Amino acid sequence: MSDVSDLTERAGRALPAPEPLRPLRYAGVFALLFLFGTETFLVSPLLPTIADSIGTTEAAAASTVTAYVLVYAVCAPFLGLLSDRFGRRRTLLAGGLLFVLSNAAAALSTDLTQLVLSRALAGLAAAAAGPAIWAHIAETAPEAVRGRALGLGMALFSTGQVIGVPLGGVLTGAAGWRAAFWALATGTLAAVALLARQVVPARSVPAQAVPVQGGAVRGGAVRAVLGAWREPVLRRALLVNTAFNAANLGAYTFLGAVLDRRFGLSVPALGLVGVLVGAGSAAGSLLGGRLGDRARTAGRTGRPLLAHWGLLLAAGIALATAGPGLPLSLLGVLIWFTASGAFVTDQQTLAGTVAPAHRATSSAWLTSTMYAGTGLGAWAVGAFSDVTRGALLVGTALALAAAAGAWLVTHGLRRQR
């Protein structure tokens, strides 16, 4: 009887309770993610006001959005390498401070050239700090709650995207368009001060951070940037990410036009649909993180739910673009972006787990392939004379292709383990 008691006591000591998620521990990086999300669509409602203020057209002013997105997509993998080699803290602080300066420069801009350059600088700052944030969370969150930590970060990023449009409009109406950029600069400065206390310096230099000597520097850097593509599981995951977002964001590009043609929705009503999109993305991010953590706790570490989210995306797009009646169409939008948020969280968890040496670089490639997929999907849908039919066919077909590819990712993980 004593032996049994001793065995039970030792077993109890060997299986401690999982460490809970402490969101305040990541308050600084979460705040930065929220501000990055806000920045993404902040300019959209300001375009007419900005164009009048600096003496240009709305179409020309829209190039500020292109500058931000393009610089982020191109530079993120290379700046992710800096984070992988020289540490998260340095990259986060440098990217955060650069984001402060870029928004201050935007607020002070007096012509289109200055504004475009400031927005390109903001894209560079986000490309440096963004991958470092996801890598930092993946490295420091307890394994049992890693998915929830990443999901919460993604939910805050999505919330920032939704809030960015009305926030920009409110600030512009109250104090002019420059006030929106000053608000971002001020908020980012506060977030940087907070993360400077929360993100501690690395105690030792990681192996991949050892500098390469002589003429091997350039070749070594290129190989490191492309390191994620040499990992079979990550390579498949990045291709799946491209297809998924070609369906997801490519079709979303035309969602307003689809709902307008089908139901004649007004501009304010379409704005409310944007809120539904953000709510679905945030809910999906939290759901994906929670379900992923449960699977890992149960020992199913090689079974991400990516394929399930691809199938759910196909169902959501089909219902949103072809469902009978407005209520079912809006339900499709909610399902669509729940799948989107959950998929992104699962992908970030996978990128932060499969190849630790390439965490930030892999996260950066996720963003770059997302933008590439968005452009490809938008081009494919736009090729149809009827964009409703195009969104339905292209969106569902690519979502199903992404689900099939995600099954191969899961199969590769199982073989790897």
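Select Glu39 and Arg119 to start: the two form a salt bridge, with their closest N and O atoms 2.3 Å apart. This pair links distant parts of the chain, since Glu39 sits in helix α2 (residues 27–42) and Arg119 in helix α7 (residues 112–140), 80 residues apart. Glu39 and Arg119 are both buried. Keep in mind throughout that the model is predicted.

**Next: Val43**

Leave Arg119 displayed and add Val43, which touches Arg119 as well as Ile50, Thr64, Val65 and Phe181, leaving aside residues up to four places away in sequence. Val43 is found in the loop between α2 and α3 (47–54). Its relative accessibility is 1%, so Val43 counts as buried. Draw a C-alpha to C-alpha distance from Val43 to Val65: the value is 7.1 Å, for residues 22 apart in sequence.

**Next: Asp84, Arg88 and Glu139**

Show the side chains of these three residues together; salt bridges link Asp84, Arg88 and Glu139 in a network. Side chains of opposite charge can pair when their charged atoms come close. Which N to O distances hold the network together? Between Asp84 and Arg88 the distance is 2.9 Å; between Glu139 and Arg88 the distance is 2.5 Å. Glu139 belongs to helix α7 and Arg88 to helix α6 (residues 88–108), so their pairing ties together parts that lie 51 residues apart in sequence.

Now colour the three by accessibility. Is each one buried or partly exposed?

- Asp84 has 3% relative accessibility and therefore counts as buried.
- Arg88, at 9%, counts as buried because the cut-off is under 20%.
- Glu139 reaches 34% and so counts as partly exposed.

With the pair at Glu39 and Arg119, the bridges at Asp84 and Arg88 and at Glu139 and Arg88 belong to a count of 3 salt bridges.

**Next: Ser281**

Move to helix α14 (residues 267–297) and pick Ser281, which lies in it. Which residues does Ser281 touch, not counting those up to four places away in sequence? Display Ser158, Phe337, Thr338 and Gly341 to see these contacts. Ser281 has a relative accessibility of 11%, so this residue counts as buried.

**Next: colour by pLDDT**

The protein chain has a mean pLDDT of 82, and 86% of its residues reach 70 or more. Two helices mark the ends of the range among the elements: α1 (residues 2–14) has the lowest mean pLDDT, 43, and α15 (residues 306–322) the highest, 95. Select residues 1–16, where the pLDDT is below 50; apart from near neighbours in sequence, this stretch makes 0 contacts in the model. Then select residues 203–218. Here too pLDDT stays under 50, and the model has 7 contacts beyond four places in sequence for this stretch.

**Last: the whole chain**

Zoom out and switch to a cartoon, which should show 18 helices and 0 strands. Of the 417 residues, 49% count as buried. How many of the contacts between residues at least 6 apart in sequence join residues at least 24 apart? The share is 84% in this chain. Finish with a surface display: the accessible surface comes to about 18,300 Å², and 68% of that belongs to carbon and sulfur atoms.

How values were computed
Residues are numbered from 1 along each chain as its sequence is written. Side-chain values use heavy atoms; hydrogens and water are left out. Helices (H or I, at least four residues) and strands (E, at least two) are DSSP runs, numbered from the N terminus. Buried means under 20% relative accessible area, exposed over 50%, partly exposed in between (1.4 Å probe, protein chains only). Contact means heavy atoms within 4.5 Å. Accessible areas come from the Shrake-Rupley method with a 1.4 Å probe; for residues, only the protein chains shown count as cover. pLDDT is the predictor's confidence in each residue, from 0 to 100. A salt bridge is a side-chain nitrogen of Lys or Arg within 4 Å of a carboxyl oxygen of Asp or Glu.
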